[in-house]
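Okay everyone, thanks for coming. I've got one structure for you today, so let me put it on the screen and talk you through it.

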Number of protein chains: 2
Amino acid sequence: MSATIYDVAREAGVSMATVSRVMNDTAVVKEETKKRVLDAIAKLQYRPNAIARGLASKRTKTIGVIVPDVSAAFMAELVRGIEDVAHMYQYHIILCNSDGQVQQEVDLIGTMWEKQVDGLLFMSPSLKPEHIDTFEQAQLPVVLCRTDDPEKRIPSVNINNRQAAADALDYLIAKGCKSVAYVGAKMGERALSDQRRQGFEEAAVRVGIAPSVIETPEETYGSAMSALHSALRIDPPRALLTVNDEVAVAALHACQDLHLRVPGDVMVIGFDNTKLSQMARPELTTVAQSMYDYGAVAMRFLTKLLRDEPIATYTVVLPHQIEERASTQANLLT
Amino acid sequence: MSATIYDVAREAGVSMATVSRVMNDTAVVKEETKKRVLDAIAKLQYRPNAIARGLASKRTKTIGVIVPDVSAAFMAELVRGIEDVAHMYQYHIILCNSDGQVQQEVDLIGTMWEKQVDGLLFMSPSLKPEHIDTFEQAQLPVVLCRTDDPEKRIPSVNINNRQAAADALDYLIAKGCKSVAYVGAKMGERALSDQRRQGFEEAAVRVGIAPSVIETPEETYGSAMSALHSALRIDPPRALLTVNDEVAVAALHACQDLHLRVPGDVMVIGFDNTKLSQMARPELTTVAQSMYDYGAVAMRFLTKLLRDEPIATYTVVLPHQIEERASTQANLLT
DNA sequence: ATGAAAGCGCTAACAA
DNA sequence: TTGTTAGCGCTTTCAT
């Protein structure tokens, strides 16, 4: 058995309260006593039991992180951002994958509650009433990350996906593209990918071009590849705006296969600015938002909530900008 | 405040011991009593406090996972494998990033100990004596994953990197390549990338070709790209065997830039079979090992340790095989 | 089959 | 400045 606070107290000839005090720096302790305690701690190789601590103090210094799937490259970057900031503030994270399934998500929120996490970072393709109910029931500080709550009931960190898609379209129009197609899947009604598509469609109407959409079963490389192969065969648009970088790379390759040059014949613009966008040939122009920052900001937001720091807004909107690379660098206007 | 076991006991008109019994199924309880307890639980929306449970039972159903960096695509896949199996066995994971720094790793092992995790999954570029000491001190069941312990002191799950690199070389030789260069960084002495390089060098000597190595500062796309640009300019080898898929994609593009055709002029073979290998053009031949399985097997191994299940071997060696794709599909022999 | 009671290792009043 | 003493919400003997 390893040493307890009681062993340290005895070794140092003080009470356990004093040991607790020097460990947590929660009250002034005489220098000399403090030294004795520290020595005892070192001698016994004492490590406080975080579980006991959690039970007594009702704070566990751990936060729950629920994501659809860490193995998606951009999610991993985002989680890294979360973990780094958590570490800065001495928090640990319990990571769970939900596969975006509501029942699974609800269950996980429940278990996080049982685990007495101090707070929750929640990511989901789209927020449902069940989620809200469970949050309420668990009485847990929650920050949504990359997950939109149209009614703004829960604090959240997002980008303006509608605007971002519109910006991307404007950019392509300015480049001289007369026709643009959006490439993405049809997810739930409020899903992130839907917002991007809507942003595109609205902007298309605004600038007076047809809001044509190439639908892919899933938003992955393979799925997009087959959808694009058939879609691009006849009358390909001048530009492709894709829901994410992975689909954009599929677009790049589909064009190649059909002997359409990028950017000469077709321009391609991705979304998310993942590492992938720089590992493609031609390099990919993409709507940039640092995934790492996304996670970092969300976690920082949660620490503010947990430490009762003043908060300017409960609905953080992160900036986005277009990262211009080779896949759109051609001048069609001349 | 939410309900406690005591509230449930009172509501059901039984003692808390009985409530505990029905929750944990740890002794026979009369059907009728059980029903009363279950009803009370439902009525009060009772959720057991996992922290209190952990303190009393000394088991937290939590395992620590220490990785160099989740944001590396293959690590994320591996972590997903861990989490899925953990979930199957009702464990949760606390995920930490160490950036592969020994001090950081030692600190994390310590905090995981404080957190009373039931076990540890440890990944590191190379195992140092400090790690072993800390494991011993923490008295924690540990499984190394993708981390070699040459002395076999700690249970581990690995592939045979030496053999895998040798196999890759043999494959290229059989394809008719007369010269092959290895591309990778010089990491620590026992690092995984070093084992791959050594396997290559030994095999090269065996088959009688020069063991030429192209060294990259880091094993990333950008870093490899610049190293390759200068290295391939004069007298490029017939084939490139790279330390991982990311570097392999860099190799693909570097060749392209220098007007070397792949696989016609230079064959390229990667390592790890990440999603990336299928998203490259030409698609990448690679030494395959499912990263997901890597994590899943390691976690399953740990559960065996924790449940005292019989264990066949403490040093699990996962199989690998060459996944043949376009980047090596040319016949040089005719 | 059920209950009573003693911890698990710590924090946080409250005293002194 | 330090010590005493209750708990925190459970599990787990030991009785009954």
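**How the two copies relate**

So, turn chain B by 180° with 0.0 Å of shift along the axis, and it lands on chain A with an RMSD of 0.1 Å. The two copies are thus related as by a two-fold rotation axis. And keep in mind, please, that this is a predicted model.

What about the contact surface? The same surface serves both copies, with 100% of the contact residues of chain B recurring in chain A. If you want to find the axis on screen, look for B:Ile94: of the residues of chain B, that one comes closest to the axis, with its C-alpha at 2.2 Å.

Now let's take chain A alone. We have 12 helices and 12 strands here. The radius of gyration is 25 Å, whereas the globule rule gives 20 Å for 334 residues, so chain A is more spread out than a compact globule. Along the principal axes, the C-alpha atoms fill a box of roughly 85 × 40 × 35 Å.

How much of chain A is buried? Of its 334 residues, 50% count as buried. Then there are the contacts: taking those in chain A between residues at least 6 apart in sequence, 70% join residues at least 24 apart.

Last stop, the inside. The largest nonpolar core has 182 residues, and which of them touch the most other members? That would be A:Ala251 and B:Ala251. Leaving out residues up to four places away in sequence, B:Ala251 touches B:Val183, B:Ala224, B:Leu228, B:Leu240, B:Thr242 and B:Val268.

Okay, that's my tour. Over to you.

Definitions and conventions: Residues are numbered from 1 along each chain as its sequence is written. Chains are lettered from A and ligands numbered from 1 in the order in which they are written. This is a predicted model: local features need pLDDT of at least 70, side-chain atom pairs count only at pLDDT 80 or more; totals for chains, interfaces and linings use all residues. A nonpolar core is a set of buried Ala, Val, Leu, Ile, Met, Phe, Trp, Tyr and Cys residues joined through C-beta atoms within 7 Å. A residue is buried if 20 or more other C-beta atoms lie within 10 Å of its own, exposed if 12 or fewer, and partly exposed in between; C-beta atoms are placed from the backbone. Two residues are in contact if their C-beta atoms, placed from the backbone, lie within 7 Å. Copies are superposed by least squares on the C-alpha atoms of residues with pLDDT of at least 70 in both. Helices (H or I, at least four residues) and strands (E, at least two) are DSSP runs, numbered from the N terminus. The radius of gyration is taken over C-alpha atoms; the globule rule is 2.2 Å times the number of residues to the power 0.38.
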